[in-house]
Amino acid sequence: MKRSSTVRLLLMSTAPVLLTACEPQEEAVLYKDVAECVAGARLTEDQCKAAFDHAKAEHERVAPRYTSQNDCETDFGSGKCQAVNQGAGIQFIPLMAAYALGYYAGRPNYYQSQPLYYSYTSYGSSGGFVNSGGQPVSRSTGSTTVSRSAMAAPTRAVTMSRSGFGSSSSAKGGWGGGRSSGS
Amino acid sequence: MRRIAIAERADWRDTATRLGFRFHTIEGEPYWDESAYYAFSLRQIEDDLEDPTAELHQMAMDLVGDILRSESLMDQLAVPVAYRDWIAESWRRGEPHLYGRMDLAYAGDGPAKLFELNYDTPTSLYEAAFFQWVWLEQQKERGLLPDAADQYNLIQDLLVETFATIAPDLPKPLYFSAVRESVEDQGTVAYLRDCAEQAGIATRGIAIEDIGLSTDSRFTDLDDYVIEALFKLYPLEFLFAERFGPALPRSGIRLIEPPWKTLLSNKGILPLLWQKHPGHPNLLEAHFETQTTPALAPGWVRKPLYSREGANVTLILPDGSQHVASGPYDDSPWIRQAVHPLPQFDGNYAVIGSWVVADRPAGIGIREDSTLITRDTSRFVPHVILD
């Protein structure tokens, strides 16, 4: 046969079929603080501290943000949110509750550790740790297995401008009904 | 290769709606056309289309290194100087490409002739990979086509497989982007995004116009998350020329198609292929236009280096009759290509879009137009293999 044996759609069709994602899984370890990391005896104290410092430094930049303290506390618990102002007005972000580092091919990736937040809404009725993109990582600290993308948490940046792309299409769009930028 | 009339599926518009095909009719004009189909023999598909596609693709890929080593070739292709290092770096790092479509003139016998490579922003993908497949399956179920009817169409299998292959190296999520108002482009990226999800890749969508630029030169989505990997159904040369373009090389963004693909979607690749493989049976003679090139003679076509959907193409047939498609792409240098009129079937000029996914020939889609120059008003007609 010279064609695909099956074709399917997940998102485009009105009745999506659910598939299990086959993304590679890797080991990750979650620690509440440096002391728990040192007690785990997998990293030296210096590595534990370097990993913590990196996560802490990333925390304010990447944490999920809310415009209302109430919404933030609904997700992360009463008294577990802090106010920040990074040029976009007062926003609320959860406190960093733990940090995680991935083990890629068995080696600890402690210089790319990331902050975690304890969410009460991402795991059904009980709580668990989520990354800065809100993606569940593990219910408790210690060793776990996560999809690789969960450990590559999205980073945030301060956007200064939009609409810097797309102008050629409108400039050339008068032709042929402006159907497509493709070919 | 024959064109055969067949009854339309009475419910095909409902099926299209259910399956997310929103651009089967564009501005009241039919685009998806199943009132006929093309029938090929397996030999025609394998010997005359699949094998030459693989060979032409390899010949084109072999040119990338040649071009990157030569400033004068980059000048000839009008590659913007500010992006040359970035383009070269994307090739040196082996940034993977996903797909391309080469347009071939083929009448059922003799060698297929390469018209051009659409290697940056090819469309008509969903129709070829998915809806054409569904059409065949349903027409067989309903007894209008024999059970033995097959199709040259591994496109979706190979797209999903390629996404899975490149996934481990790709920052997630992978963003999919096209011009907001283009139903056709939005449909094409929705389909590609679906294929990526099937391969287990987390995806997001954003309109090209909504992409933001941060204080530290990163591209951002509407929630200020950094876009680290972007599939863009938007010409690389447009990105280069627009306001955010200069931020691309230092943004760290991974693009699909990657920057080096701009070299192969450039019509200048046609004269370069001819220079390296003069007389190749699947190539048409082609040259760069220079200041001393005489006026267009009968038997030649004139195309801009950068153009889409047949725009700004001028063609003079051997009998002296001239055919012109107007358009906006009049701001780049030109190439000349020997005329090879498209074959006509029942009054329709048919061009074969032969798909390449990663580096493998993957299938075909056929578009018909009422004129010699295939434009964005063409109709997509399905095909079968039937010996």
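pLDDT is the predictor's confidence in each residue, from 0 to 100. Keep that in mind, since what you're looking at is a predicted model.

**Exercise 1. Work out where to trust chain A.**

Find which elements of chain A have the highest and the lowest mean pLDDT, then pick out the stretches under 50.

*Step 1.* Start with the whole chain: the mean pLDDT of chain A is 81, with 84% of its residues at 70 or more.

*Step 2.* Go element by element. Helix 1 (residues 34-40) of chain A comes out highest at 94, while helix 4 (residues 148-151) of chain A is lowest at 71.

*Step 3.* Now hunt for the weak spots. Residues 16-22 of chain A stay under 50, and the model gives them ten contacts beyond four places in sequence. Residues 173-178 of chain A are also below 50, with eleven contacts beyond near neighbours in sequence.

*Step 4.* Where pLDDT is low, the predicted coordinates should not be read in detail.

**Exercise 2. Size up the interface between chains A and B.**

Work out how much area the two chains bury and which parts of chain B are involved.

*Step 1.* Count residues: 86 of chain B are in contact with 48 of chain A.

*Step 2.* Get the area. The two chains bury about 5,900 Å² between them, 53% of it on carbon and sulfur atoms. On chain B's share, B:Trp133, B:Tyr225 and B:Asp376 supply 12%, more than any other three residues.

*Step 3.* Tally the polar side: 33 residue pairs are in polar contact between chain B and chain A, both residues at pLDDT 80 or more. Several elements of chain B each bring at least two residues to the side touching chain A, among them helix 2 (42-68) and helix 5 (125-141). Helix 7 of chain B gives the most, nine residues.

*Step 4.* Sort that side of chain B by residue type, and you get 38 nonpolar, 20 polar and 28 charged.

*Step 5.* Check for strand pairing across the chains. Strand 10 (residues 159-162) of chain A runs antiparallel to strand 9 of chain B, joined by three bridges. In one of these pairings, A:Ser161 is the bridge partner of B:Leu213.

**Exercise 3. Track down the salt bridges.**

Count the salt bridges between the chains and over all chains, with the cut-off at 4 Å from nitrogen to carboxyl oxygen.

*Step 1.* Over all chains the count comes to 33, and between chain B and chain A it is five.

*Step 2.* Take an example across the interface: A:Lys2 meets B:Glu46 at 3.2 Å, N to O.

*Step 3.* Then try one inside chain B, where B:Arg84 and B:Glu71 meet at 2.7 Å. B:Arg84 sits in helix 4 (residues 84-92) and B:Glu71 in helix 3 (residues 71-76), 13 residues apart.

Definitions and conventions
Residues numbered from 1 in each chain as written. Chains lettered and ligands numbered in written order. Predicted model: local features only at pLDDT ≥ 70, side-chain atom pairs only at ≥ 80, totals over all residues. Heavy atoms only, no water. Contact = heavy atoms within 4.5 Å. Buried area = accessible area lost by both parts, 1.4 Å probe. Salt bridge = Lys/Arg side-chain N within 4 Å of Asp/Glu carboxyl O. Polar contact = N/O pair within 3.5 Å; in protein donor to acceptor, adjacent residues only side chain to side chain. Helix = DSSP H or I, 4+ residues; strand = E, 2+ residues; numbered from the N terminus. Nonpolar A, V, L, I, M, F, W, Y, C, P; charged D, E, K, R; others polar. Pairing = 2+ DSSP bridges.
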